[in-house]
2 protein chains.
Amino acid sequence: MPEQANGAKRDTYRHGNLRHALLEVGIELARAGGPDAVVLREATRRASVAPNAAYRHFPRREALVHAVSLAAMGQLARAMEEGLAALPALSDRAEAARTRFRAVGTGYLRFARTEPGLFRTAFYVPDDMTEAEATVSAGAGGLTPFQLLGAALDDLVSCELMTPARRPGAEFLVWSCVHGLAVLLIDGPLRGLQDTQADQAAHDLIDMIEGGLR
Amino acid sequence: MPEQANGAKRDTYRHGNLRHALLEVGIELARAGGPDAVVLREATRRASVAPNAAYRHFPRREALVHAVSLAAMGQLARAMEEGLAALPALSDRAEAARTRFRAVGTGYLRFARTEPGLFRTAFYVPDDMTEAEATVSAGAGGLTPFQLLGAALDDLVSCELMTPARRPGAEFLVWSCVHGLAVLLIDGPLRGLQDTQADQAAHDLIDMIEGGLR
DNA sequence: TCCTTATGTAGACGGCGTCCACATTTGCGG
DNA sequence: CCGCAAATGTGGACGCCGTCTACATAAGGA
């Protein structure tokens, strides 16, 4: 029975729900330091468990990181959903669609800048599209970030704010633009921009996208 | 005098130019496996030198990775320049500007997909803007990727293919879009796309950007 | 009740980054 | 030309990591 600095000792031989505990700790680590910071030994330490115990639930470190990654993607989805939910109801349907589309982008960017560690982890050795649609990476509404964007684009088309001809594959193009800004802002040469400047850049970027979509 | 599997033994106690050798090996490692693959011990091994010798030239591993990163950025610049140089001379000035602008983007994306390890390394814990303009990260023409893009945008404005009002800060927006697609293609959910599909996406993305800029 | 199975522990191995002490050169001031 | 300080490379150690094998303990069904 290993003593624990964290004060969280255990009286039973069994942990109870180690897998879940490791996931929680992993999220905590990723939040603070990105994917590389989710370290098996540290996770087991915080869970008051021997290092090897982790291997009963994850075949290797990468599997834990992957699980954390899906959870992080879910948190991203949730953050975007919250941004959408906070929107005022607009009577003009086209205006509402446009507002929702913009909120999808700004929500994405806000999460990236608020939780850079989780954001980076969400895209760490990420799954191909099929797995990215797993329920774990969805928000409360059951939609992944990708699907939220797709829905916003559909709205745009139905309100004639976007040419239907451009619709196929458009999520990937829009996603690229927004994701690129997010990456440049948190890791790249735009890192350290003031909030107001970053917001301005986000605004201008979405303007540009809207113009290119029309 | 340590034996070396690599066959490259040394008869002098001094290496000669270890710093340069480590950089070369570092680039090789980054090329094959990205920034995380730039491992001090392996680099010194390949340079036929004791692990600690590296510390005479780089205070810590991160410093070596950083040097490799600048070199990788330089290679990116060179690749873009080559793409520009290969363009046919067009009589119509506006058409030429447009073609050059597109070539900047496609060159960037081609390098990302051709040399993903180096591309990822180029953006690993990257410098802020000022250092990114260092001569190391420039191509043969002395311009960094960022500056190449800026020049292309200036051309667009002077040919009235872009509103001057949109010019300030536009490189960051365009950069975001192209960079985002690059990241999604090599690391993200678009990884594993066929060449033709990736080219199509690149084409469509640049179309969209052009539309948004006008 | 007993035995299979799930779960956690103990100890070891090799690899890594980094520190300290020591060895060998180089090159400069006299 | 000499001698000595500074530059450069070596050797060994430490603590951390991921992972393997062997073993211990608990839970639950026959």
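This is a chat about a predicted model with two protein chains and two DNA strands.

Visitor: What ground rules apply to the model and its numbering?
Guide: Residues are numbered from 1 along each chain as its sequence is written, and chains are lettered from A and ligands numbered from 1 in the order in which they are written. This is a predicted model: local features need pLDDT of at least 70, side-chain atom pairs count only at pLDDT 80 or more, totals for chains, interfaces and linings use all residues, and side-chain values use heavy atoms, with hydrogens and water left out.

Visitor: Which rotation and shift superpose chain B on chain A?
Guide: A rotation of 180 degrees, with 0.0 Å of shift along its axis. The RMSD is 0.1 Å. The fit is by least squares on the C-alpha atoms of residues with pLDDT of at least 70 in both copies.

Visitor: What does that make the two copies?
Guide: They are thus related as by a two-fold rotation axis. The same surface serves both: 97% of the contact residues of chain B recur in chain A. Contact means heavy atoms within 4.5 Å.

Visitor: On to the DNA. Which residues come nearest to DNA strand D?
Guide: A:Arg41, A:Arg45, A:Asn52, B:Asn52 and B:Arg56, out of 24 residues around the strand. A residue is near a strand if one of its heavy atoms lies within 4 Å of it.

Visitor: How much of that is sugar and phosphate?
Guide: Sugar and phosphate make up 47% of the atoms of DNA strand D that come within 4 Å of the protein.

Visitor: Which parts of DNA strand D do the chain A side chains meet?
Guide: A:Arg41 puts a side-chain N or O atom 2.4 Å from a base nitrogen. A:Asn52 has a polar side-chain atom 2.4 Å from a base nitrogen. A:Arg45 goes to a phosphate oxygen, at 2.3 Å. A polar contact here is a pair of N or O atoms within 3.5 Å; within protein, one must be able to donate a hydrogen and the other to accept it, and residues adjacent in sequence count only if both atoms are side-chain atoms.

Visitor: Which helix gives the largest share of the surface near DNA strand D?
Guide: Helix 2 of chain A, residues 40-46, with 3 residues. Helices (H or I, at least four residues) are DSSP runs numbered from the N terminus.

Visitor: And how do the residues there divide by class?
Guide: There are 10 nonpolar, 4 polar and 10 charged. Ala, Val, Leu, Ile, Met, Phe, Trp, Tyr, Cys and Pro count as nonpolar, Asp, Glu, Lys and Arg as charged, and the others, Gly among them, as polar.

Visitor: Now DNA strand C. Which residues come nearest?
Guide: A:Asn52, A:Arg56, B:Arg41, B:Arg45 and B:Asn52, out of 23 around the strand. Sugar and phosphate account for 48% of the strand's atoms that come within 4 Å of the protein.

Visitor: Which chain B side chains reach phosphate oxygens of DNA strand C?
Guide: B:Arg45 has a polar side-chain atom 2.4 Å from one. B:Tyr55 has one at 3.1 Å from a phosphate oxygen. B:Asn52 instead sits 2.4 Å from a base nitrogen, by a polar side-chain atom.

Visitor: Which helix gives the most there?
Guide: Helix 2 of chain B, residues 40-46, with 3 residues. By class, the surface near DNA strand C has 10 nonpolar, 4 polar and 9 charged residues.

Visitor: Switching topic: what span should helix 9 of chain A have?
Guide: Residues 195-213 make 19 residues, and at 1.5 Å a residue they should span 27 Å. The rule is 1.5 Å times one less than the number of residues. The end C-alpha atoms are 27 Å apart, which agrees.

Visitor: What do its buried residues pack against?
Guide: In chain A, helix 4 (93-114), helix 7 (145-158) and helix 8 (170-186). In chain B, helix 8 and helix 9 (195-213). The buried residues include A:Leu205, A:Ile209 and A:Glu210. Buried means under 20% relative accessible area, with a 1.4 Å probe and protein chains only.

Visitor: B:Arg102: what is it in contact with?
Guide: Leaving aside neighbours within four places in sequence, B:His203, B:Ile206, B:Asp207 and B:Glu210. B:Arg102 lies in helix 4 (residues 93-114) of chain B. Its relative accessible area is 13%, so B:Arg102 is buried.

Visitor: And A:Ser69: buried or exposed?
Guide: Buried, at 2% relative accessibility. A:Ser69 is in helix 3 (residues 61-85) of chain A. A polar atom of its side chain lies 3.1 Å from the backbone oxygen of A:Ala122.

Conventions:
Helix = DSSP H or I, 4+ residues; strand = E, 2+ residues; numbered from the N terminus. Buried < 20%, exposed > 50% of the residue type's maximum accessible area, 1.4 Å probe, protein only.
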